[in-house]
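Work through the exercises below with the sequence and the model side by side. Each task is followed by a stepwise solution.

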Amino acid sequence: MTCPKCGSENVTVQMVTETQLKEKKHGVIWWLCVGWWWVPCKWLVFTLPALIAAIFKPKGYKTKSIHKTMAVCNNCGKSWRV
Ligand SMILES: [Zn+2]
């Protein structure tokens, strides 16, 4: 593998694991218009069955992790996604 910046072949490739949060943060306007009814509805529709399922299946929890392969040039220090 060669560096796209300087053309050096002194490149280290490494695996990077990122853990992402499933919930997005919302603003004040979202909470005033949608959040006050959407969150209890979502809780009833999704969380309650998930909690019931979690009682019967304790391995029901999932964490979303993304594996990325990153290459780092040892010559100029440039890093990029492979
Ligand atoms: Zn380079």
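**Exercise 1. Place Val72 and classify its exposure.**

Step 1. Val72 counts as partly exposed, because its relative accessibility is 23%. The scale: buried is under 20% relative accessible area, exposed is over 50%, and partly exposed lies in between (1.4 Å probe, protein chains only).
Step 2. Val72 sits in strand β2. Strands are DSSP runs of E with at least two residues, helices are runs of H or I with at least four, and both are numbered from the N terminus.
Step 3. Beyond the neighbours within four places in sequence, Val72 is in contact with Asn10, Val11, Thr12, Gln14, Lys78 and Ser79. Contact means heavy atoms within 4.5 Å.
Step 4. Val72 and Val11 are 61 residues apart in sequence, yet their C-alpha atoms are 5.6 Å apart.

Before going on, note the ground rules. This is a predicted model, with residues numbered from 1 along each chain as its sequence is written. Local features need pLDDT of at least 70, side-chain atom pairs count only at pLDDT 80 or more, totals for chains, interfaces and linings use all residues, and side-chain values use heavy atoms, with hydrogens and water left out.

**Exercise 2. Follow strand β2 through two further residues.**

Step 1. Take Ile66, which is in strand β2. Ile66 is partly exposed, because its relative accessible area is 27%.
Step 2. The C-alpha atoms of Ile66 and Thr17 are separated by 5.6 Å, with their positions 49 residues apart along the chain.
Step 3. Take Lys68, also found in strand β2. Lys68 is buried, because its relative accessible area is 17%.
Step 4. Lys68 and Met15 are 5.7 Å apart, C-alpha to C-alpha, and 53 residues apart in sequence.

**Exercise 3. Describe the zinc site.**

Step 1. List the protein donors: Cys3, Cys6, Cys73 and Cys76, each through SG, lying 2.3 Å from the zinc ion. Donors are N, O and S atoms within 2.8 Å of the metal (3.2 Å for Na, K and Ca); water is not among the atoms, so sites may look incomplete.
Step 2. Check the geometry. The 4 donor atoms subtend angles of 108 to 111° around the zinc ion, so the arrangement is tetrahedral. Four donors count as tetrahedral if all angles lie between 85 and 135 degrees. The ideal angle for four tetrahedral donors is 109.5 degrees.
Step 3. Read the spacing of the donor residues in sequence: C-x2-C-x66-C-x2-C. Cys3 lies in the segment before β1 (11-19) and Cys76 in the loop between β2 (65-73) and β3 (79-81), so this pair ties together parts 73 residues apart in sequence.
Step 4. Compare accessibility. Cys3 is buried at 4%, whereas Cys76 is partly exposed at 33%.

**Exercise 4. Which residues form the largest nonpolar core?**

Step 1. The 5 residues are Cys3, Val11, Ala71, Cys73 and Trp80. A nonpolar core is a set of buried Ala, Val, Leu, Ile, Met, Phe, Trp, Tyr and Cys residues joined through side-chain atoms within 4.5 Å.
Step 2. Inspect Trp80. Leaving aside neighbours within four places in sequence, its contacts include Met1, Pro4, Thr69 and Met70, and also Cys3, Val11, Ala71 and Cys73.

**Exercise 5. Summarise the chain and its confidence.**

Step 1. The chain has 1 helix and 3 strands, in the order β-α-β-β from the N terminus.
Step 2. Of its 82 residues, 12% count as buried.
Step 3. Mean pLDDT is 81, and 83% of residues reach 70 or more. pLDDT is the predictor's confidence in each residue, from 0 to 100.
Step 4. Among the elements, helix α1 (residues 28-56) has the lowest mean pLDDT (81) and β3 the highest (91).

Note on methods:
Four donors count as tetrahedral if all angles lie between 85 and 135 degrees; four count as square planar and six as octahedral if opposite donors are over 155 degrees apart and all others between 65 and 115; anything else is irregular.
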